[in-house]
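Trainee: I'd like a close look at a single part of this one, whichever you think is worth the time. Start there, and then show me how the rest connects to it.

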Amino acid sequence: MNVKDIMKKAGIVGAGGAGFPSYAKIAEGADLLVVNGAECEPLFYTDYYLMLRQMPMILAGIQKVLEDTGIKNALFCVKEHSAKKLGYSDGEKLAQNIYLKVLPDVYPLGDEISLIYQATGRLIRPGNLPISKGVIVYNVETLYNLGLAVKKDASVTMKWLTIGGEVPQPFVVRVPVGTPIADIFAKYSITIPDGHVVLDGGPSMGKIINANRAVVTKTTKGILILPENTQSVQAKMLNGEKSIARAETACCQCTRCTDMCPRALLGYPLEPHKMVRTSPGAVKFNPQMVITATLCCGCGICESLACCQAISPKAVINEYKALLAKNKLRYTAKEDVEVSHERDWRMVPSSRWASVLGVAKYDVEPVFKGEDDGFDRVEINLRQHIGLASVPVVKDGDVVEKGDLIAESANGLSVPQYASISGTVTIEEGVKIIIDRVNK
Ligand code: SF4
Ligand code: SF4
């Protein structure tokens with residue numbers, strides 16, 4: 001079976017956050033595979049431990065992509081601090097046609113546009129896909145999942161994640177897809193202190209979740225418990241409406257948000273300082289006015305580091321992104337752009353970023369727990385990827401074994417889902433498939 005079919009059959013989606021079905025990235029015209037091991041979010045060690053302990057499986061995935069696509073080389077990108085701990089050096093050959101690329105310790109290089117530029121010097125035109133410059137990017141865990149599919153015919157049923165923040169001991173563990181977060185906390189004696197919130201994702205780009213209802217998905221990289229008064233959490237509580245109101249009174253148009261925006265520094269025509277001063281009423285009437293909002297990668301530098309007036313340009317831009325999506329509008333450049341000569345010295349050191357977000361004190365290397373599939377219930381969302389929801393092929397009361405197909409790919413951009421534990425099925429129509437372990 002070729003790599004595209006294997007990825008689709010195994011239900012592999014981008015494990016680095018967005019959940020784009022991986023098979024759909026394979027296209028004609030690619031000459032370079034960029035492996036994203038940058039792990040940019042502070043406190044996360046998920047990819048680090050995968051690289052430390054599962055490198056042969058990651059390399060097997062990379063080799064399959066190279067063999068089946070005709071791509072000549074892979075650049076395996078890791079940040080300087082990880083490379084040092086893993087004992088790798090820049091340019092090192094990891095396997096046939098796979099070379100290591102050491103990235104500087106700056107934020108946000110996990111963003112694939114910044115990553116590609118930093119690693120290769122190729123600059124993707126604003127709004128275009130990496131394939132337009134011959135590049136395909138996969139996260140290390142995505143390639144690890146491919147390695148498992150190639151070597152062991154395994155589908156995606158488990159997920160690696162970091163549990164960190166205000167916990168007795170941060171750890172990295174692999175649990176079944178669909179495991180309730182509350183069950184993980186209960187099993188590992190984790191309680192949420194008063195005045196704290198739980199994030200799915202990192203302090204920069206993660207979302208505040210209800211830990212009593214949330215479950216692990218194919219894209220969950222980590223779960224953090226953080227105090228509400230942390231800068232990182234405060235920024236997430238600033239919504240677009242509040243930010244627009246603040247901007248109307250407090251924005252001094254200093255332009256720092258634009259000066260420090262990593263996408264603007266790449267020459268993208270994104271100007272957050274103008275976004276915050278654009279009339280929301282006018283935008284509703286003419287969303288085209290803010291079409292460059294679709295170029296924002298959501299890194300949060302504008303809100304957490306640049307703005308001294310507690311305005312969140314990111315939150316304002318998120319509102320505009322939603323409006324643009326509703327109107328099916330997206331900025332796509334036809335011409336190349338030029339990187340700002342100021343970019344090199346305006347990049348944010350990773351350690352500074354952790355301090356700015358107020359999470360530096362939680363940055364301790366987690367304990368590695370390995371695989372834990374001792375959970376009695378999973379809730380597998382039918383849509384945990386970009387595209388169409390998977391379609392159930394089981395019904396209420398069916399008994400399934402771990403690894404059985406429970407939902408097939410919809411007709412379009414979609415992937416199938418597999419049982420992550422053995423047990424009895426309950427369907428929540430159009431939303432999820434619940435499996436309760438038999439003989440608890
Ligand atoms: S979040 Fe802010 S700094 Fe980051 S890309 Fe978007 S506008 Fe630029
Ligand atoms: S950094 Fe803050 S005050 Fe300055 S232009 Fe941007 S939103 Fe306005």
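Mentor: Let's take the surroundings of ligand 1, where α15 gives the largest share of the shell, three residues. Keep in mind that you're looking at a predicted model, so everything here is computed from it. Besides α15, the helices α11 (262–265) and α14 (301–306) each put at least two residues into that shell. In total 15 residues surround ligand 1, and the closest are Cys-261, Cys-296, Cys-299, Cys-302 and Lys-314. Sorted by class, the shell comes out as eleven nonpolar, two polar and two charged residues.

Now walk from α14 towards α15. The loop between these two helices holds Ala-310, which has a positive phi of about 55 degrees without being a glycine. Around Ala-310 there are 13 C-beta neighbours inside 10 Å, so it counts as partly exposed; exposed would take 12 or fewer.

Next, follow α15 itself, residues 313–326, to its packing partner. For a pair like this there's a standard shorthand: two packed helices are described by the angle between their axes and the distance between the axes. The axes of α15 and α9 (residues 240–250) come within 8 Å and cross at roughly 120 degrees. Angles of 65 to 115 degrees would be roughly perpendicular and those over 145 roughly antiparallel, so α9 and α15 end up oblique to each other. The crossing of α9 past α15 is left-handed. On the α9 side, the contact is made by Gly-240, Ser-243, Ile-244 and Ala-247; α15 brings Ala-315, Val-316, Asn-318 and Glu-319. The spacing makes sense if you recall some helix geometry: an α-helix has 3.6 residues a turn, so residues three or four places apart point the same way. In terms of class, the α9–α15 contact has four nonpolar, three polar and one charged residue.

Stay with α9 and go on along the chain, and you get to the loop between α9 and α10 (256–260), which is where Gln-253 is found. Like Ala-310, Gln-253 isn't a glycine and has a positive phi of about 55 degrees. With 12 C-beta neighbours inside 10 Å, though, Gln-253 counts as exposed. This stretch is also worth a look for the other ligand: among the closest of the 15 residues that surround ligand 2 are Cys-251, Cys-254 and Cys-257, with His-273 and Cys-307 completing the closest five. The ligand 2 shell divides into ten nonpolar, four polar and one charged residue.

Back to α11, which you met as a supplier of the ligand 1 shell. α11 turns up again among the elements that cover the buried residues of α5 (112–120). That cover also includes β1 (32–37), β2 (73–79), β4 (98–103) and β6 (135–139). Eight of the nine residues of α5 are buried, so the helix is largely enclosed by the rest of the structure. The buried ones are Glu-112, Ile-113, Ser-114, Leu-115, Ile-116, Tyr-117, Gln-118 and Ala-119. Right after α5 comes Gly-121, with a positive phi near 80 degrees. On the other side of α5, the loop from β5 (106–107) contains Pro-108, and the peptide bond joining Tyr-107 to Pro-108 is cis, with omega about 0 degrees.

For comparison with the α9–α15 pair, look at α3 (residues 55–69) and α6 (residues 140–152): their axes come within 7 Å and cross at roughly 80 degrees. That makes α3 and α6 roughly perpendicular to each other. From α3, Met-57, Ile-58, Ala-60, Gly-61, Ile-62 and Lys-64 take part; among their partners in α6 are Val-140, Leu-143, Tyr-144, Gly-147 and Lys-151. This contact splits into ten nonpolar, two polar and two charged residues.

One last stop is α2 (residues 46–53), with six of its eight residues buried, so α2 is also largely enclosed. Those six are Thr-46, Asp-47, Tyr-48, Tyr-49, Leu-50 and Met-51. Leu-52 links you to another region: its C-alpha is 9.7 Å from that of Gly-87, although the two are 35 residues apart in sequence. Gly-87 sits in the loop between α4 (80–86) and β3 (93–95), and with 8 C-beta neighbours inside 10 Å it counts as exposed.

Terms used:
Residues are numbered from 1 along each chain as its sequence is written. Chains are lettered from A and ligands numbered from 1 in the order in which they are written. This is a predicted model: local features need pLDDT of at least 70, side-chain atom pairs count only at pLDDT 80 or more; totals for chains, interfaces and linings use all residues. Helices (H or I, at least four residues) and strands (E, at least two) are DSSP runs, numbered from the N terminus. A residue is buried if 20 or more other C-beta atoms lie within 10 Å of its own, exposed if 12 or fewer, and partly exposed in between; C-beta atoms are placed from the backbone. A residue is near a molecule or strand if its C-beta atom, placed from the backbone, lies within 6 Å of it. Ala, Val, Leu, Ile, Met, Phe, Trp, Tyr, Cys and Pro count as nonpolar, Asp, Glu, Lys and Arg as charged, and the others, Gly among them, as polar. Axes are lines fitted to C-alpha atoms, for helices over the stretch in contact, and angles run from 0 to 180 degrees between N-to-C directions. Angles under 35 degrees count as roughly parallel, over 145 as roughly antiparallel, 65 to 115 as roughly perpendicular and the rest as oblique. A crossing is left-handed if the near helix is turned anticlockwise from the far one by less than a right angle, and right-handed if clockwise. Two residues are in contact if their C-beta atoms, placed from the backbone, lie within 7 Å.
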